[in-house]
Amino acid sequence: MHKLITAAIIFLLSFMMSTKLALAQAAPVSLLEQRRDGGRVQQISPTTITSLGDPFFNLVLKDHADAVNLADIEQFIKGERGQEQTFVVDETIVDTSPTIGTQPASRRAVLSFTGRNQEEQLDRNVMLSVFFTSENFPDVQSIEALGWDGQRGRYNYYKLDQQGTPGRLSWKFRNSSVEADLLQPAQRTGTCLQCHINGAPVMKELAFPWNNWHSIAFNASYLKSNWRVGTNSSRIAQNLGGAERLETNFILPAINQFNEKKMDESLARNNGSPVINPDGTQQVIRGKRLLRSLFDTTEFNLISSNQQVGNLHPFSNTPTSGPFANVQIPNTFFLNANLISGSTPSIAQGLNIAEGLRFSNIAQVQPDEYRQLLNQSGVKLDGKPGDANFAWFVPEPSHVDNSMVEQLMKRGVVTPEFVAAVMAIDLETPVFSEERKKMLEFIPEQFNFQPLQSGTNPLTLTRHPDDLTQKVIAALEQQNPASDSTAGQFLAILKSNNPLQVLQERVQAYSNSIDQKLNKSGQQTRQAELNRLYDLAIARRRTIISDPVLAALNETGNELFPVPDVGIASATSSQ
């Protein structure tokens, strides 16, 4: 009898343990949390869970945190009505070879989605970043994801990898975009916000000709033909899209909606709504943060001529040496033409000063001249002498900055006259201007503005000088700056009756000066000016490479920017 009881107890304990184990094995995998690479991996807290409301979380991670198969993840996102598109980018995009030495060639893909699934709008609100090779587009791999939570006005970043779960892929919440722009370099290290500097999506080569993307400017047709992945992956065979579509349908609107929410965060609010003063004005309560994009380069985009350089690009398979026609130096190399002139794909109106769009017609470099500049400079990519895919590849003012300024004007937060006064400061330095950046110290944290009705053209109104302008004038006058100093010039322009006219005259004088040096003063003067401009292009590339924040966007290290070896000055500067 005693043996029977003992056997029964053992059986019950064994049953309970096996049941417990089975239940444990059947329990759903939960989302983890890891704020930076190499950091602690832990179960996501209930507080963090309640703050997540983007489509990627709602459609995938909320109920399917164990999903690690790319096809399954895409299906959870798309549902029955959504659609997917694949965009491909690589610094060696022109290399059609399916192998690098003995290894399959690799490319990065951005997967975006359109349509609706359940209650979620997918367009520009969820994107994935994955890799594939010339042999395979793997369904099981590390994945980076972002999702836009429109209610909370933030991007959430997630990553699928094996950190903290060796031998098993697991999803981690990494960061949100909340106040990402305020982080110091050390706080960004190892986080998604190391590259997503402001917290918004990043597409460095945002505009035509999209130097390193499959696009209408460079059709990477080999992805569908001699790469074997084209025969076994519908993502490439059926869903390959050009960068021009990623720009206009996804990235530009995504950044615009991000900036709109960021602007709302900087206004005095009561129960979620902007406070309306008795005179109908609203109040900015974080002025320096809100207006930083007008004074400082918080991010950059990359622009170039539309002329390919052929076999001057070290990764090209083209046998012919380019450029094949005159190289038009981009307008935005000379000044912030998108914001000053408008009439561009990214900024529709700006300040509407048309003279800012003259430079690319004035500054044209003949093919032989360009090859000479390139050879004398000693620039290299990946240690190999040569240029980027498209000629004159340089940083330009970012859309995330310009979009913010344009929305500030449209909302009435700043007047076009105030923007013109800032643009006139250090006009010839559209990016990385230390002189313009110094003027941010005179911006008050609090000021009032008269909000404009939606659709109102701010250029048709006369509101100069508004409260912001008057407060900045007072702050400048308190410093009593010398008239020839940057602060003194800024003060004089703000106090003028028409800062827009001042800016227009400066732009006109600047373009006349470039025209005179390049086209009307003889070959010696022209060559000296071409040397100066090309050295400036190299200097701006190097500024990014050495910047403690912006350098993170140079993800390949030495395949993005054509620069001479470290310590070697441009050969053109010695002539």
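Let me start with helix α8, which lies across β3, β6, β9, β10 and β11 and runs at about 100 degrees to β3. Please keep in mind throughout that this is a predicted model.

The strands under discussion belong to an open sheet of eight strands with mixed pairing, in the order β2-β1-β12-β11-β10-β9-β6-β3. At the edges stand β2, residues 42-43, and β3, residues 83-89, and because each has a single partner strand, one side of each is left without a neighbour in the sheet. Further in, β6 and β9 pair in the antiparallel sense over seven bridges, and within that pairing Val-110 has Ser-129 of β9 as its bridge partner.

Ser-129 brings me to the largest pocket, since this serine is among the residues that lie nearest the pocket's centre, together with Arg-108, Phe-131, Glu-144 and Glu-555, out of 45 lining residues. The elements that give two or more residues to this lining are β6 (106-114), β9 (126-133), β10 (143-149), β11 (154-161) and α8 (243-265), and the largest share, five residues, comes from β9. The volume of the largest pocket is about 1100 Å³, and by class its lining has 22 nonpolar, nine polar and 14 charged residues.

Turning to enclosed space, how many cavities of 30 Å³ or more does a search of the whole structure find? There are four of them, and the largest cavity has a volume of about 160 Å³. It is lined by 21 residues, of which Asn-336, Pro-397, Met-423, Pro-430 and Arg-436 are the closest to its centre, while α9 (287-295), α11 (337-341) and α14 (399-411) are the elements that give two or more residues to that lining. Its classes come out as nine nonpolar, seven polar and five charged residues.

Finally, some backbone geometry to look at with care. Most peptide bonds are trans, and most residues other than glycine have a negative phi. Here, the bond from Phe-208 to Pro-209 is cis, with omega near 10 degrees, and Pro-209 sits in the loop between α5 (185-188) and α6 (229-232). The loop between α5 and α6 also holds Trp-210, which has a positive phi of about 50 degrees although it is not a glycine, and this tryptophan is buried, with a relative accessible area of 4%. Gln-118, in the loop between β7 (116-117) and β8 (120-121), likewise has a positive phi, near 55 degrees, but Gln-118 is exposed, at a relative accessible area of 55%. A cis bond also joins His-464 to Pro-465, with omega near 0 degrees, and Pro-465 is found in the loop between β22 (447-449) and α17 (467-479).

Definitions and conventions: Residues are numbered from 1 along each chain as its sequence is written. This is a predicted model: local features need pLDDT of at least 70, side-chain atom pairs count only at pLDDT 80 or more; totals for chains, interfaces and linings use all residues. Side-chain values use heavy atoms; hydrogens and water are left out. On a 1 Å grid over the protein atoms alone, a cavity is a set of points where a 1.4 Å probe fits but cannot get out, and a pocket is an open set with protein on both sides within 12 Å along at least five of seven lines; lining residues have an atom within 4 Å of a point. Grid points are joined across faces, edges and corners, and a volume is the space filled by probe spheres set on the points. Helices (H or I, at least four residues) and strands (E, at least two) are DSSP runs, numbered from the N terminus. Ala, Val, Leu, Ile, Met, Phe, Trp, Tyr, Cys and Pro count as nonpolar, Asp, Glu, Lys and Arg as charged, and the others, Gly among them, as polar. Two strands pair if DSSP finds at least two bridges between them. Contact means heavy atoms within 4.5 Å. Axes are lines fitted to C-alpha atoms, for helices over the stretch in contact, and angles run from 0 to 180 degrees between N-to-C directions. Buried means under 20% relative accessible area, exposed over 50%, partly exposed in between (1.4 Å probe, protein chains only).
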